[in-house]
Amino acid sequence: MLVGQILKTKAIGEAITVRPDSTVAEAAKLLSSRKIGALIVATDPKHPEGILSERDIVRELGKTGSEILTHKVSDFMTRKLVSCRPDETALAVLEKMSTGRFRHMPVMDEGDMLGVVSIGDVVKARLEELAMENNALEGMIMGH
């Protein structure tokens, strides 16, 4: 399965973004209300500047305390984004996520962001793909 196909199956069509000058508290509220694990940080929704995850916030809360909630998102976001293309396979994306130890990845095409896939999205797609392959093999064995 290709990343582009995964994006088409997502309930949320577009990536949820937060501005770099937003506070961490605002970002946390958005993460909570949308029930998501990461936000793309961007002034222009098509051109990501970074990503901020629940983990980033919790890590800083543990180090510094609640005062980080008044800081800007840009202070804690990951600036070096690892992205994928819509024509990449689910397996290739899983490998990138596992190697990099992150769970959310922007999907980019010709410099524009098309959306974000999570490790949950990719695992689900891969499991569906394996189930279809299994059913096809069982059908061949049974003579159907």
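Buried means under 20% relative accessible area, exposed means over 50%, and partly exposed is in between (1.4 Å probe, protein chains only). Keep that scale at hand for the exercises below.

The structure here is a predicted model, in which local features need pLDDT of at least 70, side-chain atom pairs count only at pLDDT 80 or more, and totals for chains, interfaces and linings use all residues. Residues are numbered from 1 along each chain as its sequence is written, and side-chain values use heavy atoms, with hydrogens and water left out.

**Exercise 1. Get your bearings: find how many helices and strands the protein has, and in what pattern they follow each other.**

Step 1. Helices (H or I, at least four residues) and strands (E, at least two) are DSSP runs, numbered from the N terminus.
Step 2. The protein has five helices and five strands.
Step 3. Along the sequence, the pattern reads α-β-α-β-β-α-α-β-β-α.
Step 4. For the overall extent, the C-alpha atoms fill a box of roughly 65 × 35 × 25 Å along the principal axes.
Step 5. Of the 144 residues, 37% count as buried.

**Exercise 2. Work out which residues touch the most other members of the largest nonpolar core.**

Step 1. A nonpolar core is a set of buried Ala, Val, Leu, Ile, Met, Phe, Trp, Tyr and Cys residues joined through side-chain atoms within 4.5 Å.
Step 2. The largest such core has 14 residues, and those touching the most other members are Val18, Ala27, Leu39, Val41, Leu52, Ile57 and Val73.
Step 3. Two or more residues come from each of α2 (24-34) and β2.
Step 4. Helix α2 gives the largest share, three residues.
Step 5. Look at valine 73, which sits in the loop between α3 and α4 (90-100). Valine 73 counts as buried because its relative accessibility is 0%.
Step 6. As background, nonpolar side chains tend to be buried together in soluble globular proteins.

**Exercise 3. In helix α3, find how far apart in sequence the partners aspartate 56 and arginine 59 lie, then do likewise for lysine 63 and glutamate 60.**

Step 1. A salt bridge is a side-chain nitrogen of Lys or Arg within 4 Å of a carboxyl oxygen of Asp or Glu.
Step 2. Aspartate 56 pairs with arginine 59, their closest N and O atoms being 3.3 Å apart.
Step 3. Both lie in helix α3 (residues 54-64), three residues apart, about one turn of the helix.
Step 4. Aspartate 56 is buried at 9% relative accessible area, whereas arginine 59 is partly exposed at 44%.
Step 5. Lysine 63 bridges to glutamate 60, with closest N and O atoms 3.5 Å apart.
Step 6. Lysine 63 and glutamate 60 are also three residues apart in α3, about one turn of the helix.
Step 7. Lysine 63 is exposed at 61%, while glutamate 60 is buried at 16%.

**Exercise 4. Move on to helix α5 and locate the salt bridge of glutamate 129.**

Step 1. The partner of glutamate 129 is arginine 126, and their closest N and O atoms are 2.7 Å apart.
Step 2. The two share helix α5 (residues 119-142), three residues apart, about one turn of the helix.
Step 3. Glutamate 129 is buried, with a relative accessible area of 17%.
Step 4. To link back to the core, valine 73 and arginine 126 are 53 residues apart in sequence and 33 Å apart in space, C-alpha to C-alpha.
Step 5. The whole structure holds eight salt bridges. Arg85, Asp87, Glu88 and Lys96 are linked in a network of salt bridges.
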